[in-house]
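Welcome! Here are a few short exercises, each followed by a worked solution. Please keep the sequence and the 3D view open as you go.

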Amino acid sequence: MIIQLNGKSADIPEEIVTLQDLLVWYGLKDRIVIAELNREIIDKKNYQSTTLINRDILELIHFVGGG
């Protein structure tokens, strides 16, 4: 499936079905992540039930520490 992720085209494996699956695949499951799917902010409690489909537009914001 092809989605737009943070402004770039991303080819996502077919086994990625939910937003939570995508976060696990990218190694972000234990991070604080804000997700906007098709211009709608998704509540973290809904990540597991939010399905992704071809041509979705997804913005992910996560925080990086450092100094």
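## Exercise 1: the faces of a strand

Find which side chains of strand β1 (residues 2–5) are buried and which are not.

Solution. Start with I3 and L5: they point to one face and are buried, while I2 and Q4 point to the other face and are not. Buried means under 20% relative accessible area, exposed means over 50%, and partly exposed lies in between, with a 1.4 Å probe and protein chains only. In a regular strand the side chains alternate between the two faces of the sheet. Strands are DSSP runs of E with at least two residues, numbered from the N terminus.

A word on the model: it is predicted, so local features need pLDDT of at least 70 and side-chain atom pairs count only at pLDDT 80 or more, while totals for chains, interfaces and linings use all residues. Residues are numbered from 1 along each chain as its sequence is written, and side-chain values use heavy atoms, leaving out hydrogens and water.

## Exercise 2: the partners of β1

Work out how β1 pairs with β2 and with β5.

Solution. Step one: β1 and β2 are antiparallel and share 4 bridges; two strands pair if DSSP finds at least two bridges between them. I2 has D11 of β2 as its bridge partner. The two strands form a hairpin with 2 residues between them, and N6 in the turn has a positive phi of about 50°. Step two: β1 runs parallel to β5 (residues 57–62), joined by 2 bridges. Here L5 is partnered by L58.

## Exercise 3: the whole sheet

Put the 5 strands in order and say which stand at the edges.

Solution. The order is β2-β1-β5-β3-β4, in an open sheet with mixed pairing. β2 (8–11) and β4 (40–42) are at the edges; each has a single partner strand, so one side of each lacks a neighbour in the sheet. For β4, 3 antiparallel bridges lead to β3 (residues 33–37), and A35 stands opposite I42.

## Exercise 4: two residues to compare

Decide whether I41 and N46 are buried, partly exposed or exposed.

Solution. I41 sits in strand β4. Its relative accessible area is 55%, so I41 is exposed. N46 lies in the loop between β4 and β5. At 32% relative accessible area, N46 is partly exposed. Finally, look back to I2: N46 is 44 residues away from I2 in sequence and 22 Å away in space, C-alpha to C-alpha.
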